[in-house]
Amino acid sequence: APWFTGNHFVRELFTPHNEHRIVPTKLQNLTLTLLNGQWDSRLECVTNALLHTALAVALFVLGRRWIAAACRRDAPASAADDQSPGLVPLLLNGLWFVAVAACFSLPLGWQNTLGGFHSQQYWLLGLSCIALVGLPFARPGRAAWWLSAAAGSVALVAMGSGVRAAAVVIVVIALRVIRRCDTLRTTWPTLVLCAVLCAVGWFTRAEVPYHATLMATGVGEFLLYAAKSLQWPEPLTPLAAFVIWLPWLGVAWRAWREPAARGPMTLVGLGGWVLLQIFATAYARGAHADWPASRYMDTLLLGIVFNAVALLWHLAQPRATPAAHFATGAFTTLWILTLVHGFSWQVEWNFAHEISGVPGYYHNAGENTRRYVATNDPHFLDQPDI
C-alpha cells in the first residue's frame, strides 16, 4: 500500500512485523502484484514453492559434492583414477536423493506451503545457508565472499532470527583459527562483517510485549520444547533426538580432529545453526512446551537433511572390521526407520487434525476480505479468519 500511495515506502519496508523485519517478503509480494496487475496470495504461494524447490535442489547438489569428496578421499589409488562413478557413490547419491525428496515434498511445513505470506521462512533458510556455506571459507574480496556476505546481510532483514547465521560463522571461523587451519590475517574481514551484523541485529531487534505470554516460563518448559524439537518428527520418545542427531555429532567430532576438511566443517556450521534456531524458538515460543508448530517444521527439516548427509558421509568411510560394518548398518537402519515412522505419523496427524480445517478457514478469510474491499468497513477484518 505505501508504494501505491507514496506514503513513506522505505520506512514501511523496514517496519517490523511483530518481531521480524521481512523486507524480502514485502519486496517479493510487491513485485508479484506489479507484474500480475493485482494482489493474489495464490500467486505468492506458487512463487514460494519455487523458492522451496530451489533450496532443495541447491542442498542436493551440495550434498552430492560432499559425498563424492568422501568417496574419493577413502578410495584406493587405482579406483581414484577410474572415471566411472562406482556402485557405492551411486547408492549413496540415490539415498541422498530420497532423503531430500522426502524432506521437501511431504506436507510437513504445510503452513508455509499454503500461506503466500510465509515466504520469509524460505528466504531465511536459503540466505542463511548461503552465508554459512560460503563465508567461513571464501577469501575476502572474491565473488563467492561478496555473494555470501550479501546473503548474510539480507538475512538480517528476512526474519528476526536472520542474525544467527553471522553468529555461527564467527564460531566456525574461531574453531578453524584455534585448530590452526586458518589465520586471523585472512579471516579478519569476515569476522568484522559478522560482528557488525550481530551488533546491528541486536540493536535493531524488535521487542513485542504482547508476545511475552508465548515465552517459556522456566527451564523445564524450555528444555521440554527443545527436546520435542530435537526428536521431531518421532513422537514416541525423546531418545529419538539422540538417534536423529548422532550423525551430525559424529561429523562434528571428525571436523574437530581434521578442521581443514571443508565438508565436515560446513556441516558443523549448518547443523549448529539449526540447533541455535531450536533453542531460540524454545525460549521465545516455548510456553506450555507444545509440539512444534507447522511453520517451524521447515527449519527442523533442515536438521534432518544435514543429519542425512552426515550419515551418508559416514557410510562412505572405510570400515576396518566386520563388526564395524554391522554396527554401521544397524544404526543406519534404525535411523531410517525412526524417520519413516515419524514422517508417517506427522503427515497423518496433519491431515486428520490440522489441514482438514484449512479449506473452511480460507473460505471465511476470502469472504471477509471481499466484504472489506467492497465496503471499506474494518469490522470485517475484526474476525478470527482473516
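Leu87, Leu91, Phe97, Val98 and Ser105 are exposed on one side of helix α6, where exposed means over 50% relative accessible area, buried under 20% and partly exposed in between, with a 1.4 Å probe and protein chains only. The model is predicted, and local features need pLDDT of at least 70, side-chain atom pairs count only at pLDDT 80 or more, and totals for chains, interfaces and linings use all residues. Residues are numbered from 1 along each chain as its sequence is written, and side-chain values use heavy atoms, with hydrogens and water left out.

The other side of α6 holds a contrasting set: Pro89, Leu92, Asn93, Trp96, Ala99, Val100, Cys103 and Phe104 are buried. These buried residues cover an arc of only 120 degrees around the axis, which puts them on the same side of α6; the arc is taken from the directions from the helix axis to the C-beta atoms. Helices are DSSP runs (H or I, at least four residues), numbered from the N terminus. With 19 residues (87-105), α6 should span 27 Å at 1.5 Å a residue, and its end C-alpha atoms are indeed 27 Å apart; the expected span is 1.5 Å times one less than the number of residues. Val88, also in α6, is partly exposed at 46% relative accessibility, and its C-alpha atom is separated by 8.0 Å from that of Cys71, 17 residues apart along the chain.

Turning to helix α15 (residues 297-315), its 19 residues reach 27 Å from first to last C-alpha, close to the 27 Å expected. Here 17 of the 19 residues are buried, so α15 is largely enclosed by the rest of the structure. In helix α14 (residues 262-285) lies Gln277, which is buried at 4% relative accessible area. The Gln277 side chain makes a polar contact with that of Ser161 at 3.4 Å.

As for charged pairs, the whole structure contains eight salt bridges, each a side-chain nitrogen of Lys or Arg within 4 Å of a carboxyl oxygen of Asp or Glu. One of them joins Arg370 and Glu367 at 3.1 Å, N to O. These two residues are three apart in helix α17 (residues 358-375), and are therefore separated by about one helical turn. Arg370 is exposed at 55%, while Glu367 is partly exposed at 25%. Another salt bridge links Arg42 with Asp40, the closest N and O atoms being 3.1 Å apart; Arg42 is exposed at 63%, whereas Asp40 is buried at 17%.

Notes:
A polar contact is a pair of N or O atoms within 3.5 Å; within protein, one must be able to donate a hydrogen and the other to accept it, and residues adjacent in sequence count only if both atoms are side-chain atoms.
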